[in-house]
Amino acid sequence: MKKTRLWLLFILMFFGGWVHAQFTATGTVTDANGDPLVGVSVAIKGTNLGTVTDLDGKYSLEIPTNSATLEFSYLGYKSAEYSVSSGEDIINATLSEEIRRMEEGVVT
């Protein structure tokens, strides 16, 4: 009977920690005017896990650890990084425009 209790305790501790280490980060990505940005790449820094924003600029991403750094990138806008943890899982990001000038362009 004692061995059964110990195994049960071990299993609960192992799987209980595993379940709590994951959470879902959600939020909205907008530009400086507050308009939602469609198709922004949202990735967990240092991994190949990521998603893109929908038509309303919203995203949802499973975070496999207790905390992570999210990278937001979009063509024509400066990339941004935000830290997220299991206690604060709603991250609304604002991206600012990045203005670059081209000297010449060749269209073929």
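Buried means under 20% relative accessible area, exposed means over 50%, and partly exposed is in between (1.4 Å probe, protein chains only). We're working with a predicted model, where local features need pLDDT of at least 70, side-chain atom pairs count only at pLDDT 80 or more, and totals for chains, interfaces and linings use all residues. Residues are numbered from 1 along each chain as its sequence is written, and side-chain values use heavy atoms, with hydrogens and water left out.

**Exercise 1.** Sort Y59, F72 and Y82 by burial.

*Solution.* Start with Y59: its relative accessible area is 4%, so Y59 is buried. Next, F72 sits at 0%, so that's buried too. Finally, Y82 comes in at 27%, which makes it partly exposed.

**Exercise 2.** Work out how the rings of Y59, F72 and Y82 pair up.

*Solution.* Grab the rule first: rings of Phe, Tyr and Trp (its six-membered ring) pair if their centres lie within 6.5 Å; planes under 30 degrees apart are stacked, over 60 edge-to-face, and the rest tilted. That rule gives three aromatic pairs.

Step one: the ring centres of Y59 and F72 are 5.6 Å apart with planes at 75°, so call it edge-to-face. Y59 is in strand β4 (residues 58–63) and F72 in strand β5 (residues 67–73), so this pair ties together parts 13 residues apart in sequence. Strands here are DSSP runs (E, at least two residues), numbered from the N terminus.

Step two: F72 and Y82 have ring centres 5.5 Å apart and planes at 85°, so this pair is edge-to-face. Y82 belongs to strand β6 (residues 80–85), ten residues from F72.

Step three: put the pairs together, and Y59, F72 and Y82 form a cluster.

Note on methods
Helices (H or I, at least four residues) and strands (E, at least two) are DSSP runs, numbered from the N terminus.
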